[in-house]
Amino acid sequence: MLENHPFIPIVDWGFGGSRPFTISGPCSAESEKQLIETALEVSKIKSVNLLRAGAWKPRTRPGAFTGKGEVALEWLSKAKELTGLPVTTEVAYPAHIESALKYGIDVLWIGARTSVNPFMVQELAEALKGIDIPVMIKNPVNPDLELWIGAIERIAQTGIRRIAAIHRGFSSYENSVYRNKPNWEIPLELRRSLPGISMICDPSHICGSTEPLSYISQFALDLNYDGLMLESHIDPGSALSDARQQLHPADLKKLIDNLILRSLEVNDVIQLSKLEDLRDEIDEVDDTIIKTLAHRMAIARNIGEYKSLNNITILQPERWDEIIRSRTRSGVEKDLTMSFLLKLYNLIHEESILQQTKMMNNKNAGGELNSKKAIQND
Ligand code: PEP
Ligand code: MN
């Protein structure tokens with residue numbers, strides 16, 4: 001549908017910069033002082049091309065800091081004047097676009113909680129008709145490629161050609177080391193569907209904390225992303241939103257200085273992203289295994305307590321036979337081998353007995369009972 005809509009690469013938007021086009025600044029503009037101090041530090045990093053700050057913050061629960069609104073745009077335009085950096089902010093309503101234009105905001109971005117909603121994106125598109133301002137469109141919160149493409153198409157239909165996609169990860173119920181799972185396959189498929197679109201990675205919202213930021217930033221560059229959006233704050237610990245994921249400008253500089261620019265062949269990129277998605281899945285499964293085992297042992301301790309109170313022996317062979325029979329049957333049906341299942345269940349059983357015995361020992365004065373005795377007593 002967008003075949004005749006050549007996107008203008010982000011490095012040709014008129015703000016200079018080269019790959020990786022780098023966007024940084026605080027999650028939220030909190031005060032004039034916080035924004036200006038952050039902007040001055042960030043602007044010393046030569047490779048930063050665009051200053052970001054949220055004026056209206058979409059918060060999950062009411063009562064959280066929702067941004068300072070229009071006055072924050074005044075601070076942003078002051079920061080622009082002081083640093084010479086162009087500035088960008090998030091818009092969610094047509095009125096936000098109007099304010100942004102009033103204060104000379106150079107680039108708009110549509111957030112993940114807006115791109116998820118076609119009604120809202122269409123309203124923004126109507127408000128943008130006839131206005132030539134660059135727009136960056138974050139992926140919707142849920143992993144829905146079509147919805148992301150649809151949001152981009154709606155904005156592109158206004159005639160705007162300076163459009164970029166921002167990959168900020170996808171929310172998920174599964175346990176993950178990430179705040180928002182990267183699902184690398186989705187942004188890569190987006191890039192394949194919309195040739196020429198500039199892809200920006202937002203490691204801050206993917207990670208939710210600062211530790212994995214450099215890994216994700218480097219990974220995005222290795223997948224040939226065009227740019228990065230990294231949140232920075234003059235005093236991250238005191239930030240009113242997303243405190244854990246913001247970098248002090250000095251740490252931002254270190255991260256950027258350590259990035260290596262290399263490009264991979266298209267096939268390598270696809271393979272690498274598939275591998276990474278699978279590794280993320282393994283991480284989640286391992287986390288579930290550990291939590292499930294810990295849960296099982298906690299139940300075993302409760303049983304130990306019950307047995308101790310009621311003077312019941314720890315090892316009850318019929319129960320154990322039944323466990324082994326049913327678990328191995330179910331495991332073999334799921335393509336696990338009998339020898340693995342037997343080893344696994346023996347280990348689990350051993351640990352359960354140990355935990356139950358510890359519990360009983362604690363219940364018995366002086367801890368006279370030990371596991372061997374308990375089993376022998378059976
Ligand atoms: C942000 O960039 O601070 C933000 C609110 O992002 P997202 O829409 O990705 O949650
Ligand atoms: Mn944020």
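These legends accompany three close-up views of a predicted model.

**View 1. The surroundings of ligand 1.** Let's start with the ligand and its neighbours: Cys27, Arg52, Lys57, Glu90, Trp109, Gly111, Ala112, Arg113, Lys138, Arg168, His205 and Glu231 are the residues around ligand 1. Sorted by class, this shell holds seven charged, three nonpolar and two polar residues. Three side chains are worth picking out here. In Arg168, a side-chain N or O atom is 2.6 Å from an oxygen atom of ligand 1. For Lys138, the distance from a side-chain N or O atom to an oxygen atom of the ligand is 2.9 Å. Glu231 places a polar side-chain atom 3.2 Å from an oxygen atom of ligand 1. On its own, ligand 1 has 290 Å² of accessible area, and the protein covers 97% of that.

**View 2. A nonpolar surface patch with Ile289.** Here you can look at Val285, Ile289 and Leu293, which make a nonpolar surface patch of about 230 Å². Ile289 belongs to helix H11, which spans residues 266-309. Is Ile289 buried, partly exposed or exposed? Its relative accessibility is 42%, so Ile289 counts as partly exposed, given that this class lies between the 20% and 50% cut-offs.

**View 3. Ser326 in helix H12.** Our last stop is Ser326, a residue of helix H12 (residues 317-333). Ser326 counts as buried because its relative accessibility is 14%, and the cut-off for buried is under 20%. Which backbone atom lies 3.3 Å from a polar atom of the Ser326 side chain? That atom is the backbone oxygen of Ile323.

Conventions:
Residues are numbered from 1 along each chain as its sequence is written. Chains are lettered from A and ligands numbered from 1 in the order in which they are written. This is a predicted model: local features need pLDDT of at least 70, side-chain atom pairs count only at pLDDT 80 or more; totals for chains, interfaces and linings use all residues. Side-chain values use heavy atoms; hydrogens and water are left out. Patches are made of residues with over 30% relative accessible area and no salt bridge: like charges are joined within 9 Å, nonpolar side chains (Val, Leu, Ile, Met, Phe, Trp, Tyr) within 5 Å. Accessible areas come from the Shrake-Rupley method with a 1.4 Å probe; for residues, only the protein chains shown count as cover. A salt bridge is a side-chain nitrogen of Lys or Arg within 4 Å of a carboxyl oxygen of Asp or Glu. Helices (H or I, at least four residues) and strands (E, at least two) are DSSP runs, numbered from the N terminus. Buried means under 20% relative accessible area, exposed over 50%, partly exposed in between (1.4 Å probe, protein chains only). A residue is near a molecule or strand if one of its heavy atoms lies within 4 Å of it. A polar contact is a pair of N or O atoms within 3.5 Å; within protein, one must be able to donate a hydrogen and the other to accept it, and residues adjacent in sequence count only if both atoms are side-chain atoms. Ala, Val, Leu, Ile, Met, Phe, Trp, Tyr, Cys and Pro count as nonpolar, Asp, Glu, Lys and Arg as charged, and the others, Gly among them, as polar.
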